Amino acid sequence: MKAKLIFSLLIMFHAVAFAQNVNNIQMPELLNDNARKTIHIPDILGYKTLKCDFHIHTVFSDGIVWPTVRVDEAWQEGLDAIAITDHIENNPSKKHVGGDDNSSFEIAKPRAEQKNIILIHAGEITRSMPPGHFNALFLKDVTKLDTPDYMDAFKAAADQDAFIIWNHPGWKAQQPDTCKWWELHTQLYKNEWIHGIEVFNEKEWYPVALDWSMDKNLASMANSDIHGITAGMYNLEKYHRPMTLVFAKERTEKSVKEAMFDKRTLAWFGDNLAGKEEFLSAIFTNAIDTEFIKESEKGKVYLLKNSSDVPFHLISDDETFTIPKKGEVMVTVRDSGKKYKISNLFIKGTENLSVSLPTK
Ligand SMILES: [Zn+2]
Ligand SMILES: [Zn+2]
């Protein structure tokens, strides 16, 4: 009884003390600026899996966002690295926003250091087709790429040891009826001026570009090409922005660059992953944990647990099932060597990863 009385008095005292401040009551619980989403994709093959977006615009070309906001978005969405890739030849905001082709990087850099985001100095070579649009990454001076002849722009990028990505090869504004590899691309490729290709850009995917990336050993990439704010463009509650997963030795810019030139990437868009078989297979194996439940008349019963944010849709001749993201499914296995296709993991434009269940 006494304890109850003291408790009541404490509550009253607290209420009185609280009510006394009528000038300014802070409500920090409304804020979200330090919160960061965790993306669950396992590390593989001794590498760290870094989540990256290598195609982003700001007000320093035709984007509508200040460069520091790009860093904050990347932080909140759980990314490790971004490249701000403003158009070199196209800056409609020039009249209202000063600066040059290096400004977006210079403005965002201190914020990136503060937020522990790897910020890559870059620009988008923006030409009509062919050759189309290309991102040059790891530049020191983007202004050197502003040349009348596009071949000089590629050369200026190569002189700075840039990693060069063919952007949105099937973009309808430039290839309305097809997604075609032109003779000029063969020339750029032979010059070693194409190292990666977007198999996915913004909201569209180009299966044929995945075939090219496998045939020519180009890094497979998925990037947002975001111009507005990401939360306005993508359903971030349900999905994530398109990302390029980079398998790097360390979480540093140097390691990201080394991994990209070694073509250790996967494209991640919606629930899909696309790229080299060895990386897809390792992601699946490392994401799934298997628990034996019991013997049954129809075979052995297992619980397959998926610790990743990628669901796995499995298909065989006579069954289909999904191992949900961050979830589990019970399966009965008669033949442990049985092969399944995972319909959302692509090793070619029209070919899926083939696996057996990890039930040993
Ligand atoms: Zn573009
Ligand atoms: Zn772009």
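What spacing do the donors of the zinc ion (ligand 1) follow along the chain? I looked this up first and found E-x8-H-x34-H, where donors are N, O and S atoms within 2.8 Å of the metal (3.2 Å for Na, K and Ca), and where sites may look incomplete because water is not among the atoms.

**Ground rules.** I noted that this is a predicted model, in which local features need pLDDT of at least 70 and side-chain atom pairs count only at pLDDT 80 or more, while totals for chains, interfaces and linings use all residues. Residues are numbered from 1 along each chain as its sequence is written, chains are lettered from A and ligands numbered from 1 in the order in which they are written, and side-chain values use heavy atoms, with hydrogens and water left out.

**Whole chain.** I then checked the confidence and found that pLDDT, the predictor's confidence in each residue from 0 to 100, averages 94 over the chain, with 94% of the residues scoring at least 70. I counted 9 helices and 18 strands, these being DSSP runs numbered from the N terminus (helices are H or I with at least four residues, strands are E with at least two). Among these elements, helix α1 (residues 2-20) has the lowest mean pLDDT, 59, and strand β9 (residues 243-248) the highest, 99. Of the 360 residues, 51% are buried, a term that stands for under 20% relative accessible area, with exposed for over 50% and partly exposed in between (1.4 Å probe, protein chains only).

**The zinc site.** Returning to the zinc ion (ligand 1), I found its protein donors to be Glu124 (OE), His133 (ND1) and His168 (NE2), at 2.1 to 2.2 Å. Glu124 also bridges this ion and the zinc ion (ligand 2), the two ions lying 3.3 Å apart. Because Glu124 lies in strand β3 (residues 118-126) and His168 in the loop between β5 (163-166) and α5 (183-190), the pair ties together parts that are 44 residues apart in sequence. I recorded both as buried, Glu124 with a relative accessible area of 0% and His168 with one of 3%.

**Helix α4.** I listed the buried residues of helix α4 (residues 150-159) as Met151, Ala153, Phe154, Ala156 and Ala157, and they pack against β3, β4 (133-137), β5 and α5. Asp149 caps the N-terminal end of this helix, a side-chain oxygen lying 2.8 Å from the backbone nitrogen of Met151. Just after the helix, Asp161 takes a positive phi of about 60°.

**Glu77.** Is Glu77 buried or exposed? I found Glu77 in the loop between α2 (67-76) and β2 (81-84), and buried, with a relative accessible area of 10%. Leaving aside neighbours within four places in sequence, Glu77 is in contact with Lys37, Ile39, Thr230, Leu236 and Arg241, contact meaning heavy atoms within 4.5 Å.

**Glu297.** For contrast I looked up Glu297, in the loop between β12 (288-296) and β13 (299-306), and found this residue exposed, with a relative accessible area of 81%. The C-alpha atoms of Glu297 and Glu351, 54 residues apart along the chain, are separated by 34 Å.

Definitions and conventions: A polar contact is a pair of N or O atoms within 3.5 Å; within protein, one must be able to donate a hydrogen and the other to accept it, and residues adjacent in sequence count only if both atoms are side-chain atoms.
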